[in-house]
Amino acid sequence: MTRRIVVTGTDTGIGKTVFSAGLSGALDASYWKPVQSGLDGETDSDTVRRLSGLTAERILPERYRLVTPASPHLAAEIDGVAIDPDQLALPTTPGPLVIEGAGGLMVPLTRELTFLDMFARWRVPLVLCARTTLGTINHTLLSIAAIRARDIPLLGVAFIGDENSDSERTIVAMGRTRHLGRLPRLTHLDAGTLRAAFAAHVDLAGFRDGGA
Ligand SMILES: Nc1ncnc2c1ncn2[C@@H]1O[C@H](COP(=O)(O)OP(=O)(O)OP(=O)(O)O)[C@@H](O)[C@H]1O
Ligand SMILES: [Mg+2]
């Protein structure tokens, strides 16, 4: 069966796209951003293409490309688009597939449907990206509780930022989950520095089994 992994996060701007680029490159995977809102400048797919070193055909086209830079439910309304969950079926790829949501778990896609609902429908193992700064224990444990309440497999937490050993240890112990690594903030971020940092700090073994 094709390995599929959903990269989600405790919040928007946490570093999911950068992490997804590192993971897609390391696994030699394809990448899919099902819903992109905001098309000015570099999209998440463009960023992954630039930072992963993957060829263009590995970046699958987004299912919904919304012009308005807002939560997908609102961006879709403003754009006059109806997001249909049946149109968000997982694509089939020859190798592994990394899927990136938008923002955090409970970001709405419509007034009735959140990303978490889609993740529950897909039942693909999740990686939860979390920052290391103050406030992360609360956000991360709440996100883990939401994932568990829906019986979605969780591979573990990937931290992003400077080391905060107590927060990291507390989250994995109280959340009864796995520490998948910590990607430091890179002062110079490009495909080469990301590949090296990912290899040094993220244990790929954590992405090979099923998640609990
Ligand atoms: N490890 C890192 N080192 C340096 N900069 C980073 C790192 N991770 C993320 N960033 C920067 O932080 C910003 C937000 O990161 P990113 O776009 O990956 O977040 P996101 O969680 O995907 O956001 P969104 O919810 O909008 O999809 C970007 O400018 C990115 O370049
Ligand atoms: Mg992103």
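## Exercises on a predicted model

An oxygen atom of ligand 1 sits 3.0 Å from a polar backbone atom of Ile14, in a model that is predicted.

**Exercise 1.** Describe the surroundings of ligand 1, beginning with its polar contacts and ending with the make-up of its shell.

*Solution.* Begin with the contact to the backbone of Ile14, at 3.0 Å from an oxygen atom of the ligand, and add Asp44, which has a polar side-chain atom 3.1 Å from an oxygen atom of ligand 1. A nitrogen atom of the ligand, in turn, is 3.0 Å from a backbone N or O atom of Pro184. Of the 630 Å² of accessible area that ligand 1 has on its own, the protein covers 72%. Next, take the shell, in which 15 residues surround the ligand, the closest being Thr12, Lys16, Thr17, Pro184 and Leu186. By class, these shell residues divide into five nonpolar, five polar and five charged. Finally, helix H1 (residues 16–27) supplies the largest share of the shell, namely three residues.

**Exercise 2.** What is the length of H1 from its first C-alpha to its last, and how many of its residues are buried?

*Solution.* First consider the span: H1 has 12 residues and reaches 16 Å between its first and last C-alpha atoms, close to the 16 Å expected at 1.5 Å a residue. Then consider burial, for which the cut-off is a relative accessible area under 20%. The buried residues of H1 are Lys16, Thr17, Phe19, Ser20, Ala21, Gly22, Leu23, Ser24 and Leu27; because nine of the 12 residues are buried, the helix is largely enclosed by the rest of the structure. Ser20, which lies in H1, illustrates this, since it counts as buried at 0% relative accessibility. Ser20 is 15 residues from Ile5 in sequence, and their C-alpha atoms are 9.7 Å apart in space. After H1 comes Asp28, whose phi is positive, near 55°.

**Exercise 3.** Which residues of H5 are buried, and which residues of H7 are buried? Work out how they are arranged around each helix axis.

*Solution.* The principle comes first: an α-helix has 3.6 residues a turn, so residues three or four places apart point the same way. In H5 (residues 136–149), the buried residues are Thr136, Thr140, Ser143, Ile144, Ala146 and Ile147. They cover an arc of only 160° around the axis, and therefore lie on the same side of H5, while the face turned away from that side carries the exposed residues Leu142 and Ala149. In H7 (residues 191–201), Ala191, Leu194, Ala197 and Phe198 are buried. Their arc is only 135°, which puts them on the same side of H7, and the face turned away from it carries the exposed residues Ala199 and Ala200.

**Exercise 4.** Where do Arg123 and Asp151 lie, and is each residue buried, partly exposed or exposed?

*Solution.* As background, most residues other than glycine have a negative phi. Arg123, although not a glycine, has a positive phi of about 55°, and its place is the loop between helix H4 (115–122) and strand E6 (126–131). With a relative accessible area of 46%, Arg123 is partly exposed, because the value falls between the cut-offs of 20% and 50%. Asp151 also has a positive phi, near 60°, and is found in the loop between H5 and strand E7 (154–160). At 56% relative accessibility, Asp151 counts as exposed, since the cut-off for that class is over 50%.

Notes: Residues numbered from 1 in each chain as written. Chains lettered and ligands numbered in written order. Predicted model: local features only at pLDDT ≥ 70, side-chain atom pairs only at ≥ 80, totals over all residues. Heavy atoms only, no water. Near = heavy atom within 4 Å. Polar contact = N/O pair within 3.5 Å; in protein donor to acceptor, adjacent residues only side chain to side chain. Areas by Shrake-Rupley, 256 points an atom, 1.4 Å probe, with all protein chains shown as cover. Helix = DSSP H or I, 4+ residues; strand = E, 2+ residues; numbered from the N terminus. Nonpolar A, V, L, I, M, F, W, Y, C, P; charged D, E, K, R; others polar. Buried < 20%, exposed > 50% of the residue type's maximum accessible area, 1.4 Å probe, protein only. Arc of directions from axis to C-beta. Expected span 1.5 Å × (residues − 1).
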